[in-house]
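Student: I would like to learn how to read the helices, strands and buried residues of a model. Could we go through them one feature at a time?

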Amino acid sequence: MSATGRLTRVPGLLYGGDYNPEQWPEEVWAEDAALMKEAGVNLVTVGVFSWARLQPGPTSWDFGWLDRLLDLLHGQGIAVDLATATASPPAWLVRAHPDVLPVRSDGVRLEFGSRQHYCPSSPVYREAAVTLARRIAERYRDHPALALWHIHNEYGDHVTECFCAESASDFRRWLRARYGSLDVLNSAWGTAFWSQRYGAWEEIEPPRDAPGPVNPTQTLDWRRFCSDALLACYQGEKDVLDEVSPGVPVTTNFMSMFKPLDYWEWASREDFVSDDAYPDPADPEAHISAAMNYDLMRSLKGGRPWLLMEQAPSAVSWRPVNVPKRPGLHRLWSLQTVARGADGVMYFQWRASRAGAEKFHSALLPHGGTSSRGWAETVRFGAELAKLGPVAGSVSEASVAIVLSWDSWWALEQEDHPSTRLDLKALVSSWYRELWLRNIAVDFVPPSADLSRYKVVLAPNLYMLRSEAAARLTRFVADGGHLACGFFSGIVDEHDHIHLGGYPAPLREALGVIVDEFWPVPDDASVPITAADNASVPVKAAADASVPVKDAADASVPVMAAADASVPVKAADDASLPVSGPGAATLWSEWLEVTTAEPVASYGAGPLAGRPAITRNAHGDGVGWYFSCHLPSALGLVLDAAGVRPVHETPAGVEATRRGRHLFLLNHADAPARVSGLSGIDLLSGATVEGELELGPLGAAVLTPASER
Ligand code: GLA
């Protein structure tokens with residue numbers, strides 16, 4: 001970010017998208033620039049896939065067209081997010097150096113003809129990419145249209161790993177730097193198991209297809225290495241841009257909660273975070289997972305504004321069935337990104353392609369041109385976004401944090417675990433959903449974060465936990481925080497070796513429990529959960545899963561009523577509030593012993609009947625909660641006990657978030673909704689609101705205190 005707190009020097013919020021002029025005759029460009037102006041576009045991303053056009057041969061360069069284009073855009077007052085164009089090497093490069101092409105784990109080398117066809121460890125690719133980035137930077141560093149550098153495109157898209165000989169040597173280099181000696185590596189990898197001991201570095205290979213399960217620490221290190229290998233590609237280009245064009249912010253576009261790349265590390269190398277987000281209009285809860293991704297993007301750089309670099313104005317072209325956005329949805333979902341910290345709304349892409357794999361992908365300027373519904377929305381939304389200029393640069397505050405660790409994610413989802421059904425993204429989403437339903441603001445944090453500003457820390461499934469991070473979580477509880485840990489947390493150290501002494505050994509002090517044995521729940525089965533007989537915290541009954549909770553004021557009751565295993569769990573008569581989510585625990589259960597904790601809920605049937613399922617442990621000034629089963633709806637207990645308040649109370653389906661003094665209200669329902677207790681001016685409509693406001697179906701308001709306008 002610049003010193004002013006804005007992402008770029010362009011005032012207000014950013015609006016625009018990927019612009020691929022090389023796909024069109026030059027006569028079209030003038031029309032593009034004029035229409036961009038009409039739509040309120042102030043930034044376009046240029047050159048993402050232009051390598052073959054910019055460098056038609058090993059020693060030939062063609063920048064004339066890009067000179068003319070940038071001059072034209074600048075003439076219309078449109079700034080440029082200039083790509084380094086390195087995401088797809090040209091045909092001449094891969095024919096001259098076939099080993100640039102990536103190799104799969106089964107040994108098959110992928111061919112030219114799509115995109116992102118490169119081996120991240122290829123010295124030829126890396127050198128060619130850095131040379132191209134330097135040529136572009138040297139030529140355009142002083143161009144007045146240049147606002148931002150866009151390195152590569154979606155690192156890890158299509159190809160996240162390469163198993164060629166060059167990658168194998170790079171992996172060995174990486175391992176030498178990590179472990180120093182083979183003895184240390186052998187110990188970290190546990191190679192005494194299955195006679196896997198290494199006597200020379202050259203004996204080590206990537207985890208290619210093998211007869212049976214591959215060493216889990218080798219596989220884990222491979223994932224760490226693959227993230228780092230792509231990061232080295234990024235860093236090579238970043239160093240060039242910082243040297244040649246200092247002061248111009250640099251980003252590379254992320255892919256939301258993306259498993260292959262450790263975005264904590266990646267974000268630390270960027271000037272600001274940018275993201276590509278494609279929620280599916282066919283998914284009725286897409287806006288909840290989208291909110292989670294946006295909160296993650298905001299959190300990756302400690303809450304600073306980020307940029308939505310790409311979204312689709314309507315349908316994408318890469319799902320089996322590509323459902324368009326119904327009228328109003330594009331506007332609502334775009335506002336949601338701003339509500340959760342984006343300082344700009346950008347798209348793939350400006351003008352719909354006539355040819356190629358993405359010709360059916362929606363665009364700001366559809367094939368139907370300016371008479372289409374899509375174009376009308378493009379112009380209308382551009383004008384609306386311009387009204388939200390005062391929001392730019394503002395930040396949000398949260399008293400709840402979710403711990404997310406890529407290391408733990410990679411380790412959790414390895415084979416040969418008690419259950420291979422654990423999908424971290426789904427587990428985190430299920431906890432996040434409970435916060436979203438209650439309008440509770442949340443940050444994501446890495447395990448190394450300072451937690452002192454939070455009231456509640458949630459660790460959905462923190463399988464891999466270093467001792468220092470466990471000590472930090474324990475201190476957080478002792479200092480008065482509420483820690484809620486999901487099952488199968490604190491199980492292994494950074495080498496994927498079990499923490500001995502009774503699971504979850506490094507968290508036992510904070511949680512006051514010992515897991516005697518894991519009892520994963522088979523697919524399509526569930527275990528009823530009952531209020532524990534001696535529960536000293538209020539536990540009431542759960543209700544039908546189909547009723548969403550949104551009235552967070554008294555969302556204090558989400559533990560299940562007792563029920564027979566074969567009968568669906570229903571709300572008990574005294575349930576003062578319905579909860580969403582399953583009526584019983586699925587996926588996982590545990591034989592749990594309490595040491596200092598007290599049971600809050602117990603298993604209601606089966607071999608674990610009567611044993612503790614959810615516990616609370618008073619430790620120091622705080623409480624350590626443990627969920628030995630998958631029952632996210634019970635999180636309300638923790639939030640309530642910690643006194644966490646919603647941003648604003650709203651009816652079901654209405655999302656409330658705050659950025660600085662601005663209150664965003666977004667109605668995701670297809671029916672009108674009334675929100676009360678409001679005061680301010682709606683930046684979108686200009687209306688003064690006092691007391692109640694009716695939001696139409698998919699309606700939105702952005703309220704700012706009248707004194708701030
Ligand atoms: C990604 C890519 C774009 C385009 C879009 C299509 O975001 O970065 O080049 O392929 O997907 O949705």
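Tutor: Let us begin with strand pairing: two strands pair if DSSP finds at least two bridges between them. Keep in mind throughout that this is a predicted model. As a case to start with, strand β10 (residues 400-403) and β11 pair in the parallel sense, and four bridges link them. Within that pair, valine 403 stands opposite valine 445 of β11.

Student: Which strands form the open sheet that has β10 and β11 in it, and in what order do they come?

Tutor: In general, the strands of a sheet pair through backbone hydrogen bonds, either parallel or antiparallel. Here eight strands make up an open sheet whose order is β11-β10-β12-β13-β19-β18-β17-β15, and its pairing is mixed. The edges are taken by β11 (442-445) and β15 (529-531), each of which has a single partner strand, so one side of each is left without a neighbour in the sheet. From one strand to the next, the twist averages 20°.

Student: Which strands stand at the edges of the open sheet ordered β20-β21-β24-β22-β23?

Tutor: That open sheet is formed by five strands, and the pairing is antiparallel. At its edges stand β20 (654-659) and β23 (688-695), each with a single partner strand, so one side of each has no neighbour in the sheet. The twist from one strand to the next averages 30° in this case. Helix α11 (residues 329-339) packs on the sheet and touches β20, β21 (662-667) and β24, with a direction that makes about 150° with that of β21. Within the sheet, strand β22 (residues 673-682) runs antiparallel to strand β24 (residues 700-704), the two being joined by two bridges, and aspartate 682 stands opposite leucine 703 in β24.

Student: Is strand β3 (residues 79-83) enclosed or exposed?

Tutor: The general idea to bring to such a strand is that, when it is regular, the side chains alternate between the two faces of the sheet. In β3, five of the five residues are buried, so the strand is largely enclosed by the rest of the structure. Both of its faces are covered, since Ala79, Asp81 and Ala83 on one side are buried, as are Val80 and Leu82 on the other.

Student: Which strands pair with β3, and what stands opposite aspartate 81?

Tutor: Strand β2 (residues 43-46) pairs with β3 in the parallel sense over four bridges, and β3 is also joined by four bridges to strand β4 (residues 146-150), again running parallel. Aspartate 81 is the bridge partner of threonine 45, and it also stands opposite leucine 148 in β4.

Student: How should I read the packing of α1 against α3, and which residues meet there?

Tutor: It helps to take the angle and the axis separation together, and then to look at the residues in contact. Helix α1 (residues 27-39) and helix α3 (residues 64-75) pack at an angle of about 30°, their axes lying 10 Å apart. Angles under 35 degrees count as roughly parallel, and α1 and α3 are therefore roughly parallel to each other. On the α1 side Trp29, Ala30, Ala33 and Met36 meet Trp65, Leu69, Leu72 and Leu73 of α3. By class, the residues of this contact are eight nonpolar, no polar and no charged.

Student: At what angle does α1 pack with α12, and which classes of residue does that contact have?

Tutor: α1 and helix α12 (residues 373-386) pack at an angle of about 55°, with their axes 8 Å apart, and they are therefore oblique to each other. Leu35, Glu38 and Ala39 in α1 meet Trp375, Thr378, Val379 and Gly382 in α12. The contact has four nonpolar, two polar and one charged residues.

Student: Finally, is tryptophan 306 buried or exposed, and which residues is it in contact with?

Tutor: The cut-off to apply is that buried means under 20% relative accessible area. Tryptophan 306, which lies in strand β8 (residues 306-310), has 0% relative accessibility and therefore counts as buried. Leaving aside its neighbours within four places in sequence, tryptophan 306 has contacts that include Leu7, Val273, Asp275, Tyr294 and Arg340. Tyrosine 294 is 12 residues away along the chain, and the C-alpha atoms of the two residues are separated by 8.8 Å.

Conventions. Residues are numbered from 1 along each chain as its sequence is written. This is a predicted model: local features need pLDDT of at least 70, side-chain atom pairs count only at pLDDT 80 or more; totals for chains, interfaces and linings use all residues. Side-chain values use heavy atoms; hydrogens and water are left out. Axes are lines fitted to C-alpha atoms, for helices over the stretch in contact, and angles run from 0 to 180 degrees between N-to-C directions. Angles under 35 degrees count as roughly parallel, over 145 as roughly antiparallel, 65 to 115 as roughly perpendicular and the rest as oblique. Contact means heavy atoms within 4.5 Å. Ala, Val, Leu, Ile, Met, Phe, Trp, Tyr, Cys and Pro count as nonpolar, Asp, Glu, Lys and Arg as charged, and the others, Gly among them, as polar. Buried means under 20% relative accessible area, exposed over 50%, partly exposed in between (1.4 Å probe, protein chains only).
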